[in-house]
Amino acid sequence: MHAARQIGGPLLQVENISLSFGGVRALANISFEIREHEVLAIIGPNGAGKSSMLNVINGFYHPQEGRITYKGKTRARMRPHQAAAQGIARTFQNIALFKGMSTLDNIMTGRLLKMRQPFFMQALYLGPAKREELEHRAFCERIIDFLEIQAIRKTPVGRLPYGLQKRVELARALAAEPELLLLDEPMAGMNVEEKEDMCRFVLDVNEHFGTTIALIEHDMGVVMDISDRVVVLDYGRKLADGTPDEVRADQAVIDAYLGVSHEETASAAAE
Amino acid sequence: MSAFFIDPFVDIFSYPAFFLEVLIGGLLAGVMYSLVALGFVLIFKASGVFNFAQGAMVLFAALTLVGLIDLGAPVWLAIVATIAVMVTLAMSIEKVVLRPLVNQPAIILFMATIGISYFLDGFGQTIWGSEIKTLEVGIPKSPLMVGEVLISRFDLFAGLTAGVLVAVLAIFFQKTRVGRALRAVADDHQAAMSVGIPLRTIWVIVWSVAGIVALVAGIMWGSKLGVQFSIVLVALKALPVLILGGFTSIPGAIVGGLIIGSGEKVAEVFWGPALGGAIEDWFGYMLAMLFLLFRPQGLFGEKIIERV
Amino acid sequence: MGDAATAPDTRLLDTFSKLLRHHAEHRGDRIAMREKDLGIWQSWTWAEVAGQVRDLACGLAALGLKRGDRLAVIGDNRPRLYWSICAAQALGAVPVPLYQDAAAEEMAFVLEHAEARIAIAEDQEQVDKLLQIKPDNKALEQIVFDDPRGLRNYRHAFLHDYESILAKGRDYAAANPGFYDAEVARTKGADVSTMLYTSGTTGRPKGVMLSYDNVLITARNALQREGLTADEDTLAYLPMAWVGDHIFSYGQALVSGFTVNCPESSATVLTDLRELGPTYFFAPPRIYESILTTVMIRMEDAGWLKRRMFHYFMDIARRCGTRILDGKPVSLADRLLYRVGALLVYQPLKNTLGFSRIRLAYTAGEAIGPDLFDFYRAIGVNVKQLYGMTEASVFVTIQPDGEVRADTVGTPAPEVEIKIEPSGEVLFRGPGVFQEYYKNPEATAEAKTAEGWVHTGDAGFFDADGHLRIIDRAKDVGKLADGSMFAPKYLENKLKFFPFIKEAVAFGDGRAHVGAFINIDLEAVGNWAERRNLPYGGYADLASREEVYDLIQENVEQVNRDLAGDSHLSGSQIRRFLVLYKELDADDGELTRTRKVRRNFVAERYGTLIEALYSDATTVPVETEIRFEDGRTGTFRAELRIRDVKTYPPAAPAAQAAA
């Protein structure tokens, strides 16, 4: 299926990450890597620490222990906007869009980091600034076309149905031309048709732009279909990591998914 | 009854030039209210914080400017230096107040701005003294006759300044990437950070802009009334302006100011005798109260629909 | 403007490839096509289109397309797909546009039947269907796609990018100078120009073969009758496989040289319509209805003043708007009020609807509700009905300007003759009559007589003004016991135009009089009930209310009043009706998936109710098993009321008008 796409070396390595909130441990000694151009799924029961993991990579949380290496460089403690500047874009489980703005304006905010003209030039909308604005607009239009959201270009996103909001959020993340795209439950709350569309978009993005994608997802069918590798978290620990087939056959994973003995404690503990 | 319902109208129609004069005077005075309201709107738009300290910032800016001029600085240098002071103030507020209070409810931040307000009042007067000072930055004060209508050159100048300021702010908000980022932050902090907008920088920018707007208002009010503590009270007039115009609308701040300014002047001159005068002091608040009853989001504000 | 001088002579330029060359030579810099892409209307001049078609034709020739071959064209309304049609025709091949939303199995039949050797597909979705079909299809050799998105990893030797075919075409043209012009010169009017598959209600689709003469002459005649020029703008948004789009967006565009505009996507049609403001437009009634609904909803949200103004001026428009549009006398006061209304309401409204520049808007396909029809005409949008079919190259009848009514479809199109069989069936003959059904001589013989008359399958009659009225499918038309005509669908449509009536089934064939089942519209009647503080518990309860029966009775009597004035149908007045205790449902087999009543099934299932309808009983006991939403079943027992309705003596049309 992904014949043309070459999965490369590690883009981001997570080593021995531990994260606690107060006394509650959300992540314990987690290590894995995200390889260039792959689709990596992070799965696990509720409260397994998946979102915490994404928030660590994205710079929202700062782990107490461990090391993150991104593009070969060990990353110092960083803030989300710095992560964004280095090519990490993301979407949120609960959708974080600018509700009062139109779809197009939301996507344009994804281009903010790419704008170079000094702002008095933008204010006067002169020559180079005007050209820059048009270039960014054209780029956003390509994404709108790619994600097939032409019909809602001018609609304030607060008025859109949930499934479309998720798509706009993906569009805004893509507008930043990220190298690493983090998707937090991109298909949660969608119907079957919307899920199929979203799967197609995720794969198309990966194939078309070569974007590395790490996603959290609950729907096992989806995960097994679209990901190259899977990392399984449970109760803040890593249970397994490997290809979908390897993970499916892993005894620890089977136990965690069938035996629900500690799920309540887990959800109480993390996030 | 006729004193209230008939005589004022008779007066208005008998002396149209005089009415026009009162009206224009009121409109231009309203512009001055708008200047203060503008500072509130800026900060409220970008951070959802009702900045109680806006009045104090006006006084502080005016005090600083007068102080520097009294020390012998040329007017232009004093203005530049005051701008620098206001930007420094913004940075300090971000570092000392906003950053530690991030993600706190709006009411906590509001209370923090009350604190800032007291601090600025005290700090300003400690450094620059509390006596009334005259501010002279070369704004013409002689009146202008247009036909039979008398117009204050000073008010006209204030009106023009406010107009230019609003135009600049509108362009800044609508066209520049900083403006875009500001709107994004106002809408959703988390999303803004994830697209790479540095929240702290944005806050500093907003408070700096509000500080500069406060300086402009301070220059105007200070030149008119002299620089004194009562400027802070003038800032209270901005409250009905905000209620009229809506807390999030820049045009609303302008139109609200014009309505209140002209309304209270016309009411004072023509209805004042019937009601025993001093209408000017409460007219704006009464209008605001009516608005709160019938159109709480203001003329231009966004309708807030609570979703359940 | 001055286009009469340059309007091409279709007697000399008798094929589309010749017409295209004519436009490129005489008005090459005018806009032939626009498409909204990446948020902008991109445009192509006639000269550019001619160049593209030439390259594409040569490329297709290089790919092996020959005279007489079929080329399948599958996708939304895209400029490149229209050019593919023209390119195939330039080579003497026959383009076969397919319905883009058809499932692979449906598509497989048409591709197999048409023996298309090459298919041009819009995108991955269509290519995937073709790849699924191809292994079982012996004829299909090559596939060309327009949009490469998602296809970069498809490694089939028979799969080609549109761009690569153009490049191939340029090489081919260089190697074979004069090839294209010679091919175009060989095309002639009597050749088959296109094959359009009709999705008949029964049986397999049939391939309707139309010659250039069929399409060109019909297109030209209609343009002349309507006075359309090369300055029109039209929106191409209905399926390319449908004859209407083929005539409006292709045939007529090439004959007159007007501009065809393709929307950005099927989801943006209404936005694009508003932006573009076409001058010439076609839509089935449901589109007019959904455009209107969006406006009415926005109007309900509008401020008090705006709403009052809207309703006040709409009343004026309803009173005199259609008369003004038809050029009939109107009092000076009304004329002035209408002017004011135009300024304040109608023009802004037309602007938001996308009809600010409209000169001619057609509707066809199904009966249009009089209220809907009158709304558009009242605000000055010249909506007209036409009656047509694939076998006629669309136009059979058109409503002439100034003689537009909701219940007729107008007078015969130029050069078209119409006759009515004793059975009531409408037959026509004219320049647009199709050649034959592809590989189906039996069906051809059934549909077309030796003298060239085509059976429409519709029953109708000419009214006193010489306008054709279509009342029903011929096979559904029956006779009452006294021998007068009974057209159930006509009655049902009349009933359904009332907002409170959702569905209706009329009975009467072989009976002494007409009786009807009614389904109320739960939402409309429910709102009505709430406004009158009438509590009810669900559909069955509401449907059994005395008050609801009164409401429906008024509607039925209104229908009877209308019928009384109709010389052909005055005998079909409804004597008795009942309101069904459940909604007719496709899940229960009572409706088709397209929401058409399955008459025989309903008659069988509700036999006892029909018997009661034709007895003297005023109630009928019902006991039936019903299925709930969650799948459980239960028994429903009730006494169903039957109402007698007033009928009216047949009146002469003149007397009716005076009343």
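**Exercise 1. State whether Ala288(B) is buried, partly exposed or exposed in this predicted model.**

Solution.
- Step 1: Count the neighbours. Ala288(B) has 19 C-beta neighbours inside 10 Å.
- Step 2: Apply the cut-offs. A residue is buried with 20 or more such neighbours and exposed with 12 or fewer.
- Step 3: Conclude. Because its count is 19, Ala288(B) is classed as partly exposed.

**Exercise 2. Place Ala288(B) in its helix and find what it contacts beyond its sequence neighbours.**

Solution.
- Step 1: Locate the residue. Helix α14 of chain B spans residues 279-294, and Ala288(B) belongs to it.
- Step 2: Set aside the residues within four places in sequence. The contacts of Ala288(B) are then Pro240(B), Ile243(B) and Leu244(B).
- Step 3: Add a distance. Val241(B) is 47 residues away from Ala288(B) along the chain, yet their C-alpha atoms are 7.6 Å apart.

**Exercise 3. Describe the side of chain B that touches chain A.**

Solution.
- Step 1: Count the residues. Chain B brings 20 residues to the contact and chain A brings 25.
- Step 2: Name the elements. Those of chain B giving two or more residues are α7 (153-175), α8 (177-187) and α9 (189-194).
- Step 3: Pick the main contributor. With seven residues, α8(B) gives the most to this side.
- Step 4: Sort by class. The side of chain B has ten nonpolar, six charged and four polar residues.

**Exercise 4. Give the domains of chain C and the distance between their centres.**

Solution.
- Step 1: Read the bounds. Domain 1 of chain C covers 8-205, and domain 2 covers 480-658.
- Step 2: Read the separation. The C-alpha centres of domain 1 and domain 2 of chain C are 49 Å apart.

Methods: Residues are numbered from 1 along each chain as its sequence is written. Chains are lettered from A and ligands numbered from 1 in the order in which they are written. This is a predicted model: local features need pLDDT of at least 70, side-chain atom pairs count only at pLDDT 80 or more; totals for chains, interfaces and linings use all residues. Domain bounds come from an automatic or database domain assignment. Helices (H or I, at least four residues) and strands (E, at least two) are DSSP runs, numbered from the N terminus. Two residues are in contact if their C-beta atoms, placed from the backbone, lie within 7 Å. Ala, Val, Leu, Ile, Met, Phe, Trp, Tyr, Cys and Pro count as nonpolar, Asp, Glu, Lys and Arg as charged, and the others, Gly among them, as polar.
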